[in-house]
Amino acid sequence: MPEQLFQFLLTGITVGSLYALVGLGFALIYNASDVVNFAQGEFVMLGAMLTIALLGAGLPLPLAALAATGLTVLVGLLLERFAIEPALGAPVVSTIIITIGAAIFLRGAALLLWGKDFHRLPAFSGDAPIQLGSATLLPQSLWVLGGTALLVLGVRFFFERTRPGKALLACSYNRTAAQLVGINVRVMLRLAYGLSAGLGALAGILIAPITFSSYEAGVMLGLKGFSAAIVGGMGNPMGAVVGGLLLGVLESLGAGLISSGYKDAIAFLFVLMVLFFEPTGLFGHKVAERV
Amino acid sequence: MRSGWWRSMSAAALLLWGGLQVASAMEPIRIGAFLTLTGPSASLGDPELKTLRSYIADLNAKGGVIGRTIELHDCDTGGNAQQAIACVKRLIEQDRVDLLIGGSTTGDTMAVIPAVEQARIPLISLAGGIEIIDPVKHWVFKTPHTDRMAVAKIYANLRKRGLTKVALITGDGGFDQSGRAQLHQLAPQYGIAIVADETYGNQDADMTAQLARIKASNAQAIINFGFGQAPAVVTRDAKQLGITLPLYQSHGVVSQSFIEQAGAAAEGVRLPAAALVVAEQLPDANPQKPVLLAYKRRYESQYGPVSTFGGHAYDGLMIAVAAIRRAGDVDKAKLRDEIERTSGLIGVAGVFEMTPEDHVGLNADAFRMVEIHNGSWRLLP
């Protein structure tokens, strides 16, 4: 049993870091605009599908990944410019609905471009499993774990050490005040969408060899990433990462120790409990309403 | 004078009546197809509609059936039972179709059966579930093998290898659940013991937790009944965990994309498949071979790689056309009786021998056991 437990944990951490990567993108846009971007899963799908398409066109993998990330960032910027910006000043709910519409649009475009089949990106460094004691791990899982760690550190560095990052945080705390001290909120919004699209694309490329990809792949990933973000406390990137890992490990332990049929139920029960006892998430900043 | 008037009147009436007769003879035969053209089961409806279009165009180019052209009315259900019912009502009431083909999925088909029976119109389903024709419904037929036949084929193959303890791993879709029920039902009959029974969500990216449990059990073989990308994940993860037990998949994964997704891990996987995927490997004496090759060539020259789902639509259309030819018109009751009399019709799925008790008319021999070998399907003896 203990050696099995180790396998369940490894599996959970791998799956959890997929969720964490997607959750990170949610947190980023939420920080800048209080909007939950429901097209985040579609950014992930676009990154994966574009890489597969470019790879098929004969580009080497690093170049294809780079170009796909660039293209997805472009899509994110276009989305912001032509769908979100015109609605600036509209209630948050309207903007969220716009992102749902954008998600459906992107899904439809992917369906037309690449059809309904599942596509596979070859693993970056082979399919031979790595033996860790009695448990095994795919080399691609190491890429995902390493990639997640790097991206998390990058996001952290961005928010804590760079001026645009701090400006973005300022927008999230108080948009009017940020504007008053000379931060261009529009530019910040563009930055947030571009960044989270890029983050989503990178996540998609890292996980595509594990999950396979299709035009619909963004839906489920988006849902799980969103859960990760709210468990961690919406708007806290590190919280989203912890939330994702927790979710993944719980799912895997649930499937392994209790019953695979209740795996999702266990994970979502946990999400509900968190929201019940800590409505702002595990690491959400407590909002004090001023009267 | 007076008798002349009468004569001309009756001549005119005769002409009018004759004209009506001609007009109705020219009236097209309307076939209604409700398929899953979008949604998670889109990979079923897509080749089905393409097949119907291609062969109906071909029949019309050759002068139609019983001197009348065929008109295809299609409707997308999106794999949603409510939408399937709306589709069928539209096809029956607005488009006034003479015959229905469809239900790409068992769910869609089961949902429309009450409406179909009430409208008293023949329905040929393209879905796998055995509940469609068991118990027999007066107006309902189907062309694909049932999941029970697939299970029987797998169990027979296991017994041949002397294996009796199996682990099941199935998804949460309708196809998976129906297959799982059949696996449980037929196990005692074949002397098979089910020692593990795991499930997963069809969108899950990782099944190692479930497979680790199976690895720890005393199973001698693993059976995965699933659809979409999940079986590829199971196959890959089994390899990752170093599981060397024989792995059986269902007929739900018979497509080149499964081999591509699962990669090297797919080697040695066995599954029951329609003869279409191994058409070239059949002996020349097999009467099904020319039918299979002709369908394959035609489909691939127009649309790209063939799938068994399109084959089900081909069989449905051919059964319908043969029945219309025998009936000589499209009276619904007569058409239904003729479909039930289908006998010796060589289709893509096998040779159809329908009876009032058997509305699919295929037996387990219609399935071939195949093994994935060097990235392609190999027919097992």
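Colleague: A salt bridge, as I'd use it, is a side-chain nitrogen of Lys or Arg within 4 Å of a carboxyl oxygen of Asp or Glu. Which side chain meets Lys296(B) in one?

Modeller: The side chain of Glu280(B) does, with 3.3 Å from N to O. Before you lean on that: this is a predicted model, where local features need pLDDT of at least 70 and side-chain atom pairs count only at pLDDT 80 or more, while totals for chains, interfaces and linings use all residues. Residues are numbered from 1 along each chain as its sequence is written, chains are lettered from A and ligands numbered from 1 in the order written, and side-chain values use heavy atoms, with hydrogens and water left out.

Colleague: Got it. What does the domain assignment of chain B give?

Modeller: Domain 1 is 28-146 + 288-364, and domain 2 is 148-280 + 367-379. Those bounds come from an automatic or database domain assignment. The C-alpha centres of the two domains of chain B lie 28 Å apart. Contact (heavy atoms within 4.5 Å) takes in 21 residues from domain 1 and 14 residues from domain 2.

Colleague: How many salt bridges are there between domain 1 and domain 2 of chain B?

Modeller: One. There are also six residue pairs in polar contact between those domains, both residues at pLDDT 80 or more. A polar contact is a pair of N or O atoms within 3.5 Å; within protein, one must be able to donate a hydrogen and the other to accept it, and residues adjacent in sequence count only if both atoms are side-chain atoms.

Colleague: Which element gives the largest share of the domain 1 side?

Modeller: H10(B), with six residues. Helices here are DSSP runs (H or I, at least four residues) and strands likewise (E, at least two), numbered from the N terminus. As for residue types, that side of domain 1 divides into 11 nonpolar, seven polar and three charged. Nonpolar covers Ala, Val, Leu, Ile, Met, Phe, Trp, Tyr, Cys and Pro, charged covers Asp, Glu, Lys and Arg, and the others, Gly among them, are polar.

Colleague: And how much area is buried between the two domains of chain B?

Modeller: About 1700 Å², and carbon and sulfur atoms give 63% of it. Buried area is the accessible area (1.4 Å probe) that two parts lose on being put together, summed over both. On the domain 1 side, His145(B), Thr146(B) and Ala364(B) supply 32% of the area buried against domain 2, more than any other three residues.

Colleague: Switching to the chains. How much do chain B and chain A bury between them?

Modeller: About 2500 Å², 55% of it on carbon and sulfur atoms. In chain B, Arg236(B), Gln240(B) and Gln261(B) lose the most area to chain A, together 24% of what that side buries. By contacts, 28 residues of chain B meet 29 residues of chain A.

Colleague: How many salt bridges does the rule find across that interface of chain B and chain A?

Modeller: Zero. There are seven residue pairs in polar contact between chain B and chain A, though, both at pLDDT 80 or more. H7(B) gives the most to the chain B side, with six residues. That side splits into 10 nonpolar, 10 polar and eight charged residues.

Colleague: Is Gln210(B) buried or exposed?

Modeller: Gln210(B) counts as buried because its relative accessibility is 1%; buried means under 20% relative accessible area, exposed over 50%, and partly exposed in between (1.4 Å probe, protein chains only). Gln210(B) lies in helix H7 of chain B, and its side chain reaches the backbone oxygen of Thr199(B) at 3.0 Å. Leaving out residues up to four places away in sequence, Gln210(B) touches residues including Ala255(A), Ser260(A) and Lys263(A).

Colleague: Any backbone oddities? Where is the place of Phe212(A), for one?

Modeller: In the loop between helix H8 and helix H9 of chain A. Phe212(A) has a positive phi of about 65 degrees although it isn't a glycine, and Phe212(A) is buried, with a relative accessible area of 2%. Asn374(B) also has a positive phi, near 50 degrees, but Asn374(B) is exposed at 64%. Asn374(B) is found in the loop between strand S13 and strand S14 of chain B.

Colleague: Which residues does a cis peptide bond join?

Modeller: Asp134(B) and Pro135(B), with omega about 5 degrees. Pro135(B) sits in the loop between strand S4 and strand S5 of chain B. For context, most residues other than glycine have a negative phi, and most peptide bonds are trans.
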